[in-house]
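Me: I've got a model open and want to go through the labels people put on its parts. Can you walk me through the reasoning behind each one?

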Amino acid sequence: MKMIMAIVQPKDAGKLRDAFIDNNIGATKLSSTGGFLREGNTTYMVVVEDDRVDEVLEIIKHNAKSREQYMTPAAQIDNGSSAIPINVQIGGATVFILPVEKFLQF
Ligand code: 2BA
């Protein structure tokens with residue numbers, strides 16, 4: 001059994017949630033914040049049997065788009081240096097796969 005943690009952009013979160021529901025995949029949505037841009041993003045926690053991991057990854061890949069954005073990093077503003085916007089390529093999805101020892105529900 002594996003836990004898939006997928007960080008996606010909020011614009012993709014609704015479509016991805018619908019795809020999980022349509023494919024009968026249990027998921028928990030967490031509101032998260034990127035450490036670099038300090039903008040909101042969405043983290044899904046999905047636990048599935050090993051033989052469904054590839055299916056989940058395909059669904060995430062299909063529903064999370066990569067986008068370019070000009071941003072002034074919050075760290076530059078914090079340290080008072082002159083703010084120079086940079087071009088950042090975000091996503092589609094940042095994914096971590098972790099082993100799950102037990103799945104319990106009470
Ligand atoms: P953020 O940390 O806000 O990063 C947003 C985007 O900014 C990143 O997109 C990347 O293109 C760029 N970026 C991040 N750190 C940078 C740096 N030190 N210098 C230049 N550019 C930088 P993604 O790579 O697609 O990451 C999207 C979000 O996924 C991140 O939002 C963060 O919330 C999460 N993430 C990425 N790598 C991670 C990691 N190793 N551990 C935990 N979370 C991670």
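**Labels and the reasons behind them**

Reply: Sure, starting with helix H2, residues 53-63: its buried residues are Val53, Val56, Ile59, Ile60 and Asn63. Keep in mind that this is a predicted model.

Me: What makes those buried residues of H2 one side of the helix?

Reply: The arc they cover around the axis is only 125°, so they sit on the same side of H2. In general, an α-helix has 3.6 residues a turn, so residues three or four places apart point the same way.

Me: And which residues are on the face of H2 turned away from the buried side?

Reply: That face carries Asp54, Lys61 and His62, which are exposed. The buried residues of H2, for their part, pack against strand E1 (2-8), helix H1 (10-22), strand E3 (40-48) and E6.

Me: Why is Thr42 called buried?

Reply: Buried means under 20% relative accessible area, and Thr42 has 7% relative accessibility, so Thr42 counts as buried. Thr42 is part of strand E3. Leaving out residues up to four places away in sequence, Thr42 touches Ala6, Ile7, Val8, Pro10, Ala13, Lys29, Leu30 and Ser32.

Me: Then why does Phe103 count as partly exposed?

Reply: The partly exposed class lies between under 20% and over 50%. Phe103 has 46% relative accessibility, and therefore counts as partly exposed. You'll find Phe103 in the segment after E6. With residues up to four places away in sequence set aside, Phe103 touches Met1 and Val47. As for Ile4, it is 99 residues from Phe103 along the chain, and their C-alpha atoms are 14 Å apart.

Me: Why is Asn24 called exposed?

Reply: Exposed means over 50%; Asn24 has 65% relative accessibility, so Asn24 counts as exposed. Asn24 is in the loop between H1 and strand E2 (28-33).

Me: What is there to say about phi of Asn24?

Reply: Phi of Asn24 is near 55°, which is positive in a residue other than glycine. Most residues other than glycine have a negative phi. Arg38 is not a glycine either, and has a positive phi of about 55°. Arg38 is in the loop between E2 and E3; its relative accessibility is 46%, so Arg38 counts as partly exposed.

Me: How do you know that the peptide bond from Gly91 to Gly92 is cis?

Reply: Look at omega: it is near -5° for that bond, and the bond is cis. Most peptide bonds are trans. Gly92 is in the loop between E5 and E6.

Me: What makes the ligand's contact with Gly91 a polar contact?

Reply: The cut-off is a pair of N or O atoms within 3.5 Å. A polar backbone atom of Gly91 is 2.7 Å from an oxygen atom of the ligand, so that pair meets the definition. An oxygen atom of the ligand also lies 2.9 Å from a polar backbone atom of Leu37, and a backbone N or O atom of Gly35 is 3.2 Å from a ligand oxygen. The ligand exposes 750 Å² taken alone, and the protein buries 51% of that.

Me: Which residues make up the shell around the ligand?

Reply: They are Ile7, Gly34, Gly35, Phe36, Leu37, Asn41, Val88, Gln89, Ile90, Gly91, Thr94 and Phe96. By type, that shell has six nonpolar, six polar and no charged residues. Strands E5 (86-90) and E6 (93-99) each supply at least two shell residues, and E5 gives the most, with three.

Terms used:
Residues are numbered from 1 along each chain as its sequence is written. This is a predicted model: local features need pLDDT of at least 70, side-chain atom pairs count only at pLDDT 80 or more; totals for chains, interfaces and linings use all residues. Side-chain values use heavy atoms; hydrogens and water are left out. A residue is near a molecule or strand if one of its heavy atoms lies within 4 Å of it. A polar contact is a pair of N or O atoms within 3.5 Å; within protein, one must be able to donate a hydrogen and the other to accept it, and residues adjacent in sequence count only if both atoms are side-chain atoms. Accessible areas come from the Shrake-Rupley method with a 1.4 Å probe; for residues, only the protein chains shown count as cover. Helices (H or I, at least four residues) and strands (E, at least two) are DSSP runs, numbered from the N terminus. Ala, Val, Leu, Ile, Met, Phe, Trp, Tyr, Cys and Pro count as nonpolar, Asp, Glu, Lys and Arg as charged, and the others, Gly among them, as polar. Buried means under 20% relative accessible area, exposed over 50%, partly exposed in between (1.4 Å probe, protein chains only). The arc is that of the directions from the helix axis to the C-beta atoms. Contact means heavy atoms within 4.5 Å.
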